[in-house]
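I opened this notebook page to keep track of what I looked up, one entry at a time. My plan was to go through the pockets and then a single residue.

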Amino acid sequence: MTVRSIWWAATIPGAEAPFDTAHLRVFYPAKPTGSDAERLTGVFPADPAGAPYPVVVIVSGVNVGQEAYRWLAVELASRGYVAVTYDWVGELFGGLRGITPGVELAAATPDAYGTRATTPSVPAVLEALASITGPLAGLLNLDDVGLVGHSAGGTVILQSARFFPTVKAVAAYGTHTMVATMLGWPAGTVLPAQVDCPVLLMNGENDGVINGSADRYGSPSAARDPISRTFDEALPDAGGDTVQVTFAGANHFGIVHPVDETAARAFLDDVATTDPAATRAALADVTAAFLDIHLRGAAGDALDKALQSPDIAGIRRR
């Protein structure tokens with residue numbers, strides 16, 4: 001299948017110019033015609049056979065540019081999804097600016113958590129997609145949306161998904177809902193995820209970034225294995241539809257390609273002991289199978305088949 005992409009933009013409510021715009025890249029299944037319009041513009045028509053397309057929004061980690069997730073967006077688009085990545089340069093912490101999924105710390109305090117989303121970017125992106133023009137005009141199924149998040153991007157979607165009614169599936173890699181003590185929570189607190197849909201929680205065996213951040217969450221013992229504690233304590237029992245998948249030998253940036261060593265915190269990561277390309281292939285198969293079940297009504301054995309990969313070290317369901 002031919003995959004092409006176009007660009008779009010979203011205004012982030014509450015953000016001040018010039019830090020109020022997210023730049024979107026929208027990947028889609030295309031059907032080239034060989035027309036002069038294609039030759040002159042580089043824009044290909046969408047393949048109408050799969051429309052309306054379910055939409056998957058990929059939410060980045062802090063200071064991880066959207067190009068790092070292009071491989072995954074292309075994989076998903078090649079399997080019939082419209083996959084969206086975005087860069088929003090907004091406020092980080094301590095007055096710094098950078099690429100952010102949008103982390104509203106005030107919404108994660110004890111008085112506010114669970115009353116509203118902790119990110120303004122996801123609803124802004126979905127609203128912007130509703131008005132998209134060009135080859136995808138009228139071809140998006142925005143009633144069946146999947147969210148895929150990495151690191152802080154995974155945290156905010158786990159903390160916010162139920163506030164976005166069209167979200168039907170959440171997949172997150174290298175993330176958890178253990179909360180920083182600086183927000184007023186006791187050490188080692190795992191916040192209940194705000195999700196009303198199935199969750200695929202993914203991680204690598206060698207996540208050095210989460211291990212290197214344990215002091216944010218209190219004593220090292222309290223912060224032990226926050227990903228598994230999120231699966232056990234934060235996610236709802238969904239009769240087996242909530243799944244944790246551990247990839248053999250993968251690290252925190254196992255979902256990223258290529259890794260940008262000039263930004264973010266890859267310097268904290270442990271070494272991947274499995275070929276990262278093999279991890280990405282398994283991750284794409286598992287993620288697509290999970291989305292197929294919950295966005296397209298595929299049979300449950302689609303995920304069972306994907307989970308047979310030799311690059312998967314652990315599987316838990318609840």
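The entries below cover two pockets and one strand residue.

Entry on the model. I am working with a predicted model, and I read each value below as computed from it.

Entry on the largest pocket. I looked up its volume and found about 780 Å³. Of the 33 residues in its lining, those closest to the centre are Phe 93, Ala 152, Arg 216, Tyr 217 and Arg 265. I then asked which elements give two or more residues to this lining, and noted α4 (152–158) and α5 (208–211), with α4 giving the most, namely three residues. Sorting the lining by residue class, I recorded 18 nonpolar, 12 polar and three charged residues.

Entry on the second largest pocket. Here I noted about 330 Å³ of space, with a lining of 18 residues, of which Gly 14, Ala 15, Trp 88, Glu 91 and Arg 97 are the closest to the centre. Strand β4 (residues 82–91) gives the most to this lining, with three residues. By class, I recorded 10 nonpolar, four polar and four charged residues in the lining.

Entry on Asn 203. I located Asn 203 in strand β8, which spans residues 199–206. Is Asn 203 buried or exposed? I entered Asn 203 as buried, because its relative accessibility is 8%, against a cut-off of under 20%. Leaving aside residues up to four places away in sequence, I listed its contacts as Tyr 173, Gly 174, Ile 227, Gln 244, Val 245, Thr 246 and Phe 247.

How values were computed:
Residues numbered from 1 in each chain as written. Predicted model: local features only at pLDDT ≥ 70, side-chain atom pairs only at ≥ 80, totals over all residues. Heavy atoms only, no water. Helix = DSSP H or I, 4+ residues; strand = E, 2+ residues; numbered from the N terminus. Buried < 20%, exposed > 50% of the residue type's maximum accessible area, 1.4 Å probe, protein only. Contact = heavy atoms within 4.5 Å. 1 Å grid on protein atoms, 1.4 Å probe; cavity = no way out; pocket = protein on both sides within 12 Å on 5 of 7 lines; lining within 4 Å. Points joined across faces, edges and corners; volume = space filled by probe spheres on them. Nonpolar A, V, L, I, M, F, W, Y, C, P; charged D, E, K, R; others polar.
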